[in-house]
Number of protein chains: 2
Amino acid sequence: MRLHISTKDPVPIYQQIITQVKHLVASQRLRPGDEVPPIRVLAEQLLINPNTVARAYRELESAGILTSKKGSGTKVSLKGNTLGLKERLKELSAPVDSLLVQAHQLGFTIEEVIEIVRERNSLFRALQKEKDQSDK
Amino acid sequence: MRLHISTKDPVPIYQQIITQVKHLVASQRLRPGDEVPPIRVLAEQLLINPNTVARAYRELESAGILTSKKGSGTKVSLKGNTLGLKERLKELSAPVDSLLVQAHQLGFTIEEVIEIVRERNSLFRALQKEKDQSDK
DNA sequence: ACAATTGTATTACTCCATTAATACAATTTA
DNA sequence: TAAATTGTATTAATGGAGTAATACAATTGT
């Protein structure tokens with residue numbers, strides 16, 4: 001499992017790990033049952049303190065994404081992150097709301113917002129393609 | 001000018017002030033040329049340290065929304081917050097992008113995202129109406 | 001001119017999130 | 001069973017954001 005962290009990033013390291021693991025699971029590059037590296041191993045790879053990795057794993061376990069057991073290690077949960085539609089919708093509501101508030105303050109209409117969302121999405125997908133190429 | 005702050009809110013006080021002033025300007029309840037209360041006066045009203053208000057005013061000035069002058073006080077800028085389309089688009093790009101990333105991780109398609117945006121917008125506008133009623 | 005009013009600048013304090021140090025407990029493996 | 005491996009728990013150190021204390025500077029108004 002290859003993760004990339006940056007100490008310059010204002011986002012805390014443990015959060016970067018959480019985000020990236022979530023993304024790996026969501027994109028099926030990590031599947032239910034797969035093992036993630038032991039805390040100390042990943043910590044050495046990333047040149048950070050084991051506690052930082054531990055914290056990330058702990059929170060990922062709370063989120064139901066990983067399952068840990070002393071001695072055995074940590075695996076991707078069997079249920080995975082299969083949230084129901086309701087939960088997924090709920091998770092998205094907050095960011096959508098704050099986006100709408102900001103857009104409104106900037107004087108955008110709802111249709112303009114949607115137009116921007118479409119545009120950024122196209123851009124995003126284009127960039128994603130490039131990245132996938134270079135990952136090989 | 002009536003502002004409401006909460007020390008319980010995790011959002012820092014100076015940020016609450018910034019947000020509310022921006023909103024007042026955006027909604028025309030504060031117009032270009034209007035004076036805002038002196039730092040010390042607003043601080044006394046809100047029972048907070050004058051420096052906290054000063055910080056909010058300073059940042060609002062950086063954002064081009066207020067204009068301060070020693071001795072005279074602080075007013076809403078004549079240009080107001082009339083950002084060009086480019087700047088406004090730029091301001092919205094980051095939040096839109098992070099929304100798209102999160103939505104993608106949750107397994108939503110772009111069309112589903114847009115559907116959610118529309119729904120939350122309807123809800124938002126409904127709530128806004130209620131609030132306007134009670135403001136009278 | 002002078003006192004009052006206003007914003008500015010500098011410095012320090014406090015709190016809390018993040019990270020680190022270290023010891024402990026369960027499981028595996030030889 | 002004993003050593004190695006793994007996650008857990010507790011406590012402490014660090015840094016930075018937010019706020020406060022205080023002195024300074026420009027303008028206003030009498």
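**Two chains, one shared surface, and two DNA strands**

The two copies meet through the same surface, because 100% of the interface residues of chain A are also interface residues in chain B. The model described here is a predicted one. In this contact, 28 residues come from chain A and 28 residues from chain B. On the side of chain A that touches chain B, at least two residues each are supplied by H1, helix H4 (85–105) and helix H5 (110–135) of chain A. H4(A) gives the most to this side, with 13 residues. By residue class, the side of chain A that touches chain B divides into 16 nonpolar, 6 polar and 6 charged residues.

The arrangement of the copies can also be described by symmetry. Two copies of a chain are related by a rotation about an axis and a shift along it. Here, a turn of 180 degrees and a shift of 0.1 Å along the axis lay chain A on chain B with an RMSD of 0.4 Å. This is the relation of a two-fold axis. The C-alpha of A:Ile114 is the one in chain A nearest the axis, 3.3 Å from it.

Turning to the single chain, chain A holds 5 helices and 3 strands. Read from the N terminus on, the elements of chain A follow the order α-β-α-α-β-β-α-α. For 136 residues, a compact globule would have a radius of gyration near 14 Å, whereas chain A has 18 Å. Along the principal axes, the C-alpha atoms of chain A fill a box of roughly 55 × 35 × 30 Å. Buried residues make up 20% of the 136 residues of chain A. Among the contacts in chain A with a separation of 6 or more, 51% are accounted for by residues 24 or more positions apart.

The strands are described here for chain B. Strands of a sheet pair through backbone hydrogen bonds, either parallel or antiparallel. In chain B, 3 strands form an open sheet in the order E1-E3-E2, with antiparallel pairing. Strand E1 (35–36) and strand E2 (66–69) of chain B are the edge strands, each pairing on one side only. The antiparallel pair of E1(B) and E3(B) extends over 2 bridges, and B:Glu35 has B:Lys75 in E3(B) as its bridge partner. E2(B) and E3(B), also antiparallel, are joined by 4 bridges. Within E3(B), B:Lys75 stands opposite B:Thr67. B:Lys75 thus has a place in both descriptions, as the bridge partner of B:Glu35 and as the residue opposite B:Thr67.

E2(B) and E3(B) form a hairpin with 3 residues between them, and B:Gly71 in the turn has a positive phi of about 85 degrees. In a regular strand the side chains alternate between the two faces of the sheet. E3(B) shows such alternation: B:Thr74 and B:Val76 point to one face and are buried, while B:Gly73 and B:Lys75 point to the other and are not.

The DNA surfaces draw on both chains. DNA strand C is surrounded by 24 residues, the closest being A:Ile13, A:Asn49, A:Gly71, B:Pro38 and B:Ile39. Two or more residues of the surface near DNA strand C are given by each of helix H1 (13–26) and helix H3 (50–62) of chain A, together with helix H2 (39–46), helix H3 (50–62) and strand E3 (73–76) of chain B. H3(B) gives the most to this surface, with 4 residues. The surface near DNA strand C divides into 8 nonpolar, 10 polar and 6 charged residues.

DNA strand D is likewise surrounded by 24 residues, and the closest are A:Pro38, A:Ile39, B:Ile13, B:Asn49 and B:Gly71. B:Gly71, also in the turn of the hairpin, is thus among the residues closest to DNA strand D. For the surface near DNA strand D, the elements giving two or more residues are helix H2 (39–46), H3 and strand E3 (73–76) of chain A, along with helix H1 (13–26) and H3 of chain B. H3(A) gives the most to the surface near DNA strand D, with 4 residues. The residues of this surface comprise 8 nonpolar, 10 polar and 6 charged.

How values were computed:
Residues are numbered from 1 along each chain as its sequence is written. Chains are lettered from A and ligands numbered from 1 in the order in which they are written. This is a predicted model: local features need pLDDT of at least 70, side-chain atom pairs count only at pLDDT 80 or more; totals for chains, interfaces and linings use all residues. A residue is near a molecule or strand if its C-beta atom, placed from the backbone, lies within 6 Å of it. Ala, Val, Leu, Ile, Met, Phe, Trp, Tyr, Cys and Pro count as nonpolar, Asp, Glu, Lys and Arg as charged, and the others, Gly among them, as polar. Two residues are in contact if their C-beta atoms, placed from the backbone, lie within 7 Å. Copies are superposed by least squares on the C-alpha atoms of residues with pLDDT of at least 70 in both. The radius of gyration is taken over C-alpha atoms; the globule rule is 2.2 Å times the number of residues to the power 0.38. A residue is buried if 20 or more other C-beta atoms lie within 10 Å of its own, exposed if 12 or fewer, and partly exposed in between; C-beta atoms are placed from the backbone. Two strands pair if DSSP finds at least two bridges between them.
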